[in-house]
Amino acid sequence: MKRKKLKIVVLLILALASLYWGHQRIERFADTPLAIGQETYFKLPAGTGRVALEGLLVRDKLIHNGRWFPWLLRLEPELAEFKAGTYRLTPGMTVRQMLKLLASGKEAQFSARFIEGLRLKDWLQVLQESKYVKHTLAGKSEAEIAKALGLPEGGVLEGRLYPDTYLYTAGTTDQALLKRSQLRMYKALQDVWHARDTSLPYKTPEELLTMASIVEKETAVAEERTKVASVFINRLRLGMRLQTDPTVIYGMGDSYTGNITRKDLETATPYNTYVISGLPPTPIAMPSRASLEAAANPAKTDYLYFVADGKGGHTFTTNLASHNAAVRVYRQVQKEKNEK
């Protein structure tokens, strides 16, 4: 009888030792860093179960051996509530930390930066080069994209998208990102329109948007925006043509190669403000909030001209003689730079 009891005790001790050893091995496995040396993205497909996840981790060489993986999930069942998505894994992250991340559903965030002053075609290129975006607009014309975003027949997207950096998760569509940008610009334009100087010669918010796009293309100097807007407003009020090069370039389309000739200035297009009177028919770029506000509340000036000063800014003048003198100064500055 004593021998039998001793045998049972020994077996219990062995069983407890085995459990302890197994628990320690599971803990050691859970605290093992993933087998990665750099930031890695891991995609967990919808419907993936425990066994399939183990296979993916071994296949992608995130873990060397999956022997203890199912035991860990049994010991800590909350780690088995993983959610589909694309996750960012970092060097030093342990198996347990990875499983907690998969269970949290906190997917990796990617970004698309839409820069002010660029055109719709430039933004579409940004989206095309964003590999974690789901591409649904490839091959569509600008008119088709405008229609997909809910604009009425003949609606133009140029200028109607808000420049910013947009965060998204893998699988977000290009259309969804543009829609977010469109809604933000709509709200910004409405806010600025209601806060505008009502004496300005705009008939619609769209005209203000067009003016803002011209201001955006003419200067990147923050303190100059309201002055640039004042020049164009003063010209509109006097019936003078705007004569702004960015509109000529926009009207030239793909034929623009970096230089504007006299012939280009004299060639009629719907956007050539050396030829047409008033504003062009649509915006020529995506304006920033600062340019919207400058177009809505320009400085009170008598300026009718401005020209680059060769130092990053512009010289503003009220008459042609002063403007021509400023042009000569600019050319001299450029000549001196070229001679150095």
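A residue counts as buried when its relative accessible area is under 20%. Keep that cut-off in mind on this tour, and remember that the model is predicted.

**Stop 1: strand 3**

Select residues 110-114, which form strand 3. Show the side chains and turn the strand until you can tell its two faces apart. Phe110, Ala112 and Phe114 make up the covered face, while Ser111 and Arg113 belong to the uncovered one. Side chains in a regular strand alternate between the two faces of the sheet.

**Stop 2: across to strand 4**

Now add residues 164-168, which are strand 4. In which sense do strand 3 and strand 4 pair? They run antiparallel, and five bridges link them. To find a matching pair of residues, centre on alanine 112: opposite this residue stands tyrosine 166 of strand 4.

**Stop 3: leucine 57**

Next, go to helix 2, residues 50-59, and pick out leucine 57. Is leucine 57 buried or exposed? Its relative accessible area is 0%, so leucine 57 is buried. Display its neighbours next. Leaving aside residues up to four places away in sequence, leucine 57 touches Phe42, Leu62, Ile63, Phe69 and Met98. For one of these contacts, try your distance tool: the C-alpha atoms of leucine 57 and phenylalanine 69 are 10.0 Å apart, and the two residues lie twelve positions from each other along the chain.

**Stop 4: helix 12**

Move on to residues 289-296, helix 12. Colour its buried residues, which are Ser291, Leu292, Ala294, Ala295 and Ala296. What covers them? Select helix 7 (174-194), helix 8 (205-218) and helix 9 (225-238), which are among the elements providing that cover.

**Stop 5: the whole chain**

Zoom out and switch to a cartoon view. The protein chain has 13 helices and six strands. Its radius of gyration is 32 Å, well over the 20 Å that the globule rule gives for 340 residues, so the chain is more spread out than a compact globule. Line up the principal axes and you will see the C-alpha atoms fill a box of roughly 120 × 55 × 40 Å.

Colouring by burial comes next: 41% of the 340 residues count as buried. If you draw contacts between residues at least 6 apart in sequence, 66% of them join residues at least 24 apart.

Finish with a surface view. The accessible surface comes to about 19,200 Å², and carbon and sulfur atoms account for 53% of it. Colour by charge to find 48 positive and 35 negative side chains, with the centres of the two sets 11 Å apart.

Technical notes:
Residues numbered from 1 in each chain as written. Predicted model: local features only at pLDDT ≥ 70, side-chain atom pairs only at ≥ 80, totals over all residues. Heavy atoms only, no water. Helix = DSSP H or I, 4+ residues; strand = E, 2+ residues; numbered from the N terminus. Buried < 20%, exposed > 50% of the residue type's maximum accessible area, 1.4 Å probe, protein only. Contact = heavy atoms within 4.5 Å. Rg over C-alpha atoms; globule rule 2.2 N^0.38 Å. Areas by Shrake-Rupley, 256 points an atom, 1.4 Å probe, with all protein chains shown as cover. Lys, Arg positive; Asp, Glu negative; His and termini not counted. Charge placed at Lys NZ, Arg CZ, Asp CG, Glu CD. Pairing = 2+ DSSP bridges.
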